[in-house]
Amino acid sequence: EELARLAADHEPDQVGVRDLLPRQLAGVAAVAEHDHPVGNPFDLGQAMGRAFAWLRWADERFSTYDDASDISRLNAGEIGLPDTHPIVRNVLAYCEVLRAGTDGYFDARAPLPGGIDPSGLVKGWAVDVAFAGLRRAGARELCIEAGANVRVAGGPWRIGIRNPHRRELLAAVVLLHSGAVATSGAYERGP
């Protein structure tokens, strides 16, 4: 709840409204069908702009692949925890709560010895925030795919799970009407 409140309070930079659906951004794709019998026909386009702005903002703060992100700079010792964005500090605090609550099965420190990688929490959370905004804007059939995190509504949606050893093959297909699927592996960006 605290993370949702922080995200709701954060107003990312507005992105210009575009009529193009589906849209893609750096490995993130969203498809939405709009259901607004009354109101501004561009509400969904604006909501998609905000959703993509939010996902960009989250990536710019939390990426372990971007040397300029708060997380990368923190791991490199360029900044201290007090120098990070307040949402970054709250996410890292919540990662500690999850580590303690799972007896260490979730540990944002485990992937990077001497560093921290909250991606296991952040990716799904960022998608959930974007998804909620699009639903509030009236999207009734919706699929957001960000890397290995997929969130859908208004299905049925067939979601393919890639075989980690043979990328051209599917290991399974999941049928969802509403829900989420997340997988983890090193086959997209590496270990």
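Start by selecting helix α5, residues 119–136. This is a predicted model, so a quick check on the helix geometry is a fair opening move. At 1.5 Å a residue, the 18 residues of α5 should span 26 Å, and the end C-alpha atoms sit 25 Å apart, which agrees.

Keep α5 on screen and show its side chains. Which residues of α5 are buried? They are Ser 119, Leu 121, Val 122, Trp 125, Ala 126, Val 127, Ala 130, Phe 131, Gly 133 and Leu 134. Then step just past the end of the helix to Gly 138, where phi is positive, at about 105°.

**From α5 across to β4**

Back in α5, click on Asp 128. Its side chain meets that of Arg 151 in a salt bridge, 2.7 Å from N to O. This pair ties together distant parts of the chain: Asp 128 belongs to α5 and Arg 151 to strand β4, 23 residues apart. Asp 128 is partly exposed, at 35% relative accessibility, and Arg 151 is partly exposed too, at 23%.

**Along β4 to β7**

Arg 151 has brought you to β4, so select the whole strand, residues 149–153. Its partner here is β7; the two run antiparallel and are joined by 4 bridges. For one spot to zoom in on, take Val 150, which stands opposite Val 181 in β7.

Now select β7 itself, residues 179–182. In a regular strand, side chains alternate between the two faces of the sheet. Which residues of β7 are on the covered face, and which on the uncovered one? Gly 179 and Val 181 make up the covered face, while Ala 180 and Ala 182 are on the uncovered one.

**Over to α4 and its loop**

Next, select helix α4, residues 86–101. Show Glu 96 and Arg 99: they form a salt bridge, with the closest N and O atoms 3.0 Å apart. Both are in α4, 3 residues apart, which is about one turn of the helix. Glu 96 is partly exposed at 33% relative accessibility, and Arg 99 is partly exposed at 25%.

Follow α4 into the loop that leads to α5 and stop at Asp 103. Most residues other than glycine have a negative phi. Asp 103 is not a glycine, yet its phi is positive, about 55°. Is Asp 103 buried or exposed? Exposed, with a relative accessible area of 70%.

**One more charged pair**

Move to Arg 73 and Glu 78. Side chains of opposite charge can pair when their charged atoms come close. Here the closest N and O atoms are 3.4 Å apart, and the two residues form a salt bridge. Arg 73 is partly exposed, at 29%, whereas Glu 78 counts as exposed, at 52%. If you want to hunt for others, the structure holds 8 salt bridges.

**Last stop: color by confidence**

Color the chain by pLDDT. The mean is 76, and 74% of the residues reach 70 or more. Where is confidence highest, and where is it lowest? Helix α3, residues 70–75, comes out on top with a mean of 94, and strand β1, residues 23–25, is at the bottom with a mean of 38.

Finally, select residues 6–39, where pLDDT stays under 50. The model gives this stretch 81 contacts beyond four places in sequence. Where pLDDT is low, though, the predicted coordinates should not be read in detail.

Methods: Residues are numbered from 1 along each chain as its sequence is written. This is a predicted model: local features need pLDDT of at least 70, side-chain atom pairs count only at pLDDT 80 or more; totals for chains, interfaces and linings use all residues. Side-chain values use heavy atoms; hydrogens and water are left out. Buried means under 20% relative accessible area, exposed over 50%, partly exposed in between (1.4 Å probe, protein chains only). Two strands pair if DSSP finds at least two bridges between them. pLDDT is the predictor's confidence in each residue, from 0 to 100. Contact means heavy atoms within 4.5 Å. A salt bridge is a side-chain nitrogen of Lys or Arg within 4 Å of a carboxyl oxygen of Asp or Glu. The expected span of a helix is 1.5 Å times one less than its number of residues.
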